[in-house]
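User: I have a structure open and some labels that puzzle me. Can we go through them one by one?

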Amino acid sequence: MTSREVIERHRAAGRRFEAGGVGSFVREEGGGEAVVCIHGVPTSCFLYRKVLPELAQRGLRGVAFDLPGLGLADRPATYDYTWTGLGRFCIAAIDALGLERLHLVVHDIGGPVGFELAAAAPDRVASMTVLNTLVGVDTFKRPWPMEPFARRGVGKLYLRTLSKPAFRTLMRQQGIEDRAAVSRAELDAYVDLLRMGDGGRAFLKIMRGFERTREKRDLYTAVLRDGRYPVQIVWGAKDPALKLEVHGEAARRAAGLDEIHTVAARHFLQEDHAPAVAQHIANLAGPA
């Protein structure tokens with residue numbers, strides 16, 4: 001199978017929708033209470049394609065949509081690609097999808113984006129599962145493979161020259177513990193989805209739009225300690241980019257939790273530990 005065939009299969013498994021004036025793409029599977037899974041970079045809802053059926057098997061309705069500028073979503077040139085702007089899109093998206101109440105799952109910069117959603121609509125959040133993400137955003141430094149993307153000029157060149165073999169190597173070193181769990185075509189699909197339509201220009205704007213301020217750190221900590229919904233942290237313990245002992249512990253302290261649930265994964269735990277991720281989500285969500 002080629003990366004193009006992988007993407008077409010992915011496209012056929014979902015549908016287009018519009019939220020806040022932006023066209024996007026959503027995949028849904030299962031019945032019961034909704035579980036909204038927010039992705040980060042350089043990914044899209046494609047990242048959750050293995051988690052959604054696992055949630056469905058556990059009596060839940062898995063929902064994952066593309067953020068503007070990524071995956072199969074539109075990439076408007078003048079969009080607000082900050083965490084604030086992407087968070088506003090998420091609120092519009094759950095309205096457009098008719099989701100009054102939901103279990104929230106966040107990962108990577110989908111953490112800050114999802115926290116924006118929870119801050120704006122806390123009464124609609126039934127639970128929150130935090131996967132390898134960032135909370136102490138005011139002191140956060142991008143992992144070295146991602147830093148060049150945030151630099152003007154350099155980022156465009158870096159993305160243009162990023163080959164599929166180089167991306168595969170990077171994913172196998174940083175993102176995926178079990179290499180047999182992800183095919184070469186699937187890894188190549190990540191690159192094609194990243195560049196689709198605009199060559200990745202919107203993605204570069206997202207990378208430059210990180211709001212690394214104390215105000216955002218305080219807001220996200222407040223979201224984790226809100227008290228109106230239960231919160232858990234599930235971490236890929238072998239993540240070399242967002243390390244368990246640094247970023248995982250920072251998230252645990254911010255949430256005021258006693259423990260972190262760990263799986264033997266790297267950064268993209270959805271790829272090779274989808275059943276474990278879904279089970280932790282289901283455990284917090286409670287009986288269907």
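User: What makes Asp 80 and Arg 88 a salt bridge?

Analyst: First, a caution: this is a predicted model. The closest N and O atoms of Asp 80 and Arg 88 are 2.7 Å apart. The cut-off is 4 Å between a side-chain nitrogen of Lys or Arg and a carboxyl oxygen of Asp or Glu. The value is within it, so the pair counts as a salt bridge.

User: Why can such side chains pair at all?

Analyst: Side chains of opposite charge can pair when their charged atoms come close.

User: Why is Asp 80 called partly exposed?

Analyst: Its relative accessible area is 29%. Buried means under 20% and exposed means over 50%. Asp 80 falls in between, so it is partly exposed. Arg 88 has 48% relative accessibility, so it is also partly exposed.

User: How many salt bridges does the structure hold?

Analyst: There are 23. Another one joins Lys 238 and Glu 177, at 3.2 Å from N to O.

User: What makes that pair a link between distant parts of the chain?

Analyst: Lys 238 and Glu 177 are 61 residues apart. Lys 238 sits in the loop between β7 and α10. Glu 177 sits in the loop between α6 and α7.

User: Are Lys 238 and Glu 177 buried or exposed?

Analyst: Neither label fits. Lys 238 has a relative accessible area of 45%, and Glu 177 has 26%. Both values lie between 20% and 50%, so both residues are partly exposed.

User: How do you know that Glu 249 and Arg 252 form a salt bridge?

Analyst: Their N to O distance is 2.8 Å. The limit is 4 Å, so the pair qualifies. Both residues lie in helix α10, three residues apart, about one turn of the helix. Glu 249 has a relative accessible area of 25%, so it is partly exposed.

User: Which residues do salt bridges join into one network?

Analyst: Arg 49, Lys 50, Glu 186 and Glu 271. The salt bridges there share partners.

User: Why is α6 called roughly perpendicular to α7?

Analyst: The two helices pack at an angle of about 110 degrees, with their axes 9 Å apart. Angles of 65 to 115 degrees count as roughly perpendicular, so α6 and α7 earn that label.

User: Which residues make the contact?

Analyst: On α6, they include Phe 167 and Met 171. On α7, they include Leu 187 and Val 191. By class, the contact has five nonpolar, no polar and six charged residues.

How values were computed. Residues numbered from 1 in each chain as written. Predicted model: local features only at pLDDT ≥ 70, side-chain atom pairs only at ≥ 80, totals over all residues. Heavy atoms only, no water. Buried < 20%, exposed > 50% of the residue type's maximum accessible area, 1.4 Å probe, protein only. Helix = DSSP H or I, 4+ residues; strand = E, 2+ residues; numbered from the N terminus. Axes fitted to C-alpha atoms, helices over the stretch in contact; angles between N-to-C directions. Parallel < 35°, antiparallel > 145°, perpendicular 65-115°, else oblique. Contact = heavy atoms within 4.5 Å. Nonpolar A, V, L, I, M, F, W, Y, C, P; charged D, E, K, R; others polar.
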